[in-house]
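Let's take a walk through this protein together. Have a look at the picture first, and then we'll pick out a couple of spots.

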Amino acid sequence: MQSYKADLHIHTLLSPCGDLSMSPINIVNKAVEMGLRLIGIADHNSTRQAPLIQKMGQKQGILVLLGCELTTKEEAHCLAFFETEEQRKAFQKILDESLPDIPNNEDKFGYQIVVDEAEEIVYTEERLLWSALPFSLDELYTLVHEYQGLFIPAHIDKPSTSIMSQLGFVPPDIKADALELSKFTSPEMFIKRFAYLKKFSFFQSSDAHIESLIGETYSWFLMENLSFSELRKAFRGEDGRRVYCGTKCMD
């Protein structure tokens, strides 16, 4: 078994809240600098920038998860990650068909662009990616799993855009592959208050929107190798695989 340092919640310049410095090359270079071996791309309601970052990450020995940060009908944020490009493209089609037709205001919300390896703009998303999708929490879980993806409610302890802020609590029967916590708590502190959720694997991420925050908050994954299938096993706690939250656990 080997421990892999991970930050599974990173935005790019495609997210309206993402700084223009969050280009593929800058994200990969910062990940290398921070010793990250596993990162997740989590732009709002779009996976379009993830494939290039995955390609660039492979050259540096980094596994880049193809994913996004979904906004449910309840306006709760959830992460979704896919193993293959075929799965990502199929899910992106659903996003394209479902995103509300609300135009982005670049002056108010920010740019929503996809760039190539030379940092040339190749696509601009005209619709506001922050919008809520017309799917409930359970409906999105089902959709993500139809494409063999991982579904993870994001920063569940946050006072906004989280399950707890939008529903008032975390449903005990929530359908999720893991739960993400913000940097403002820890699994130990959280489980003291919500012991009924101790069956879930927890991890923490940076939710980076600017380059300097990439890898600031991270977790460790104890796995046989660096792969999507091993990541799934780690979340399930199978065969000795596991997730360690916080900087104190494995440094």
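Which residues in H1 meet which residues in H2? Keep in mind that you're looking at a predicted model. From H1, it's Pro 24, Ile 25, Ile 27 and Val 28, and they meet Leu 52, Ile 53, Met 56 and Gly 57 in H2. Sort the residues of this contact by character and you get 7 nonpolar, 1 polar and no charged.

Now for how the two helices sit. H1 covers residues 24-33 and H2 covers residues 50-58. Their axes are 9 Å apart, and the helices pack at an angle of about 40°, so H1 and H2 are oblique to each other. As for handedness, H1 and H2 make a right-handed crossing.

Next stop: a pocket. The second largest one has a volume of about 230 Å³. Its lining is made up of 17 residues, and His 155, Lys 158, Ser 182, Ser 206 and Asp 207 are the ones nearest its centre. What's the mix in the lining of this second largest pocket, in terms of nonpolar, polar and charged? There are 2 nonpolar, 10 polar and 5 charged residues.

Notes. Residues numbered from 1 in each chain as written. Predicted model: local features only at pLDDT ≥ 70, side-chain atom pairs only at ≥ 80, totals over all residues. Heavy atoms only, no water. Axes fitted to C-alpha atoms, helices over the stretch in contact; angles between N-to-C directions. Helix = DSSP H or I, 4+ residues; strand = E, 2+ residues; numbered from the N terminus. Parallel < 35°, antiparallel > 145°, perpendicular 65-115°, else oblique. Left-handed = near helix turned anticlockwise from the far one by under 90°. Contact = heavy atoms within 4.5 Å. Nonpolar A, V, L, I, M, F, W, Y, C, P; charged D, E, K, R; others polar. 1 Å grid on protein atoms, 1.4 Å probe; cavity = no way out; pocket = protein on both sides within 12 Å on 5 of 7 lines; lining within 4 Å. Points joined across faces, edges and corners; volume = space filled by probe spheres on them.
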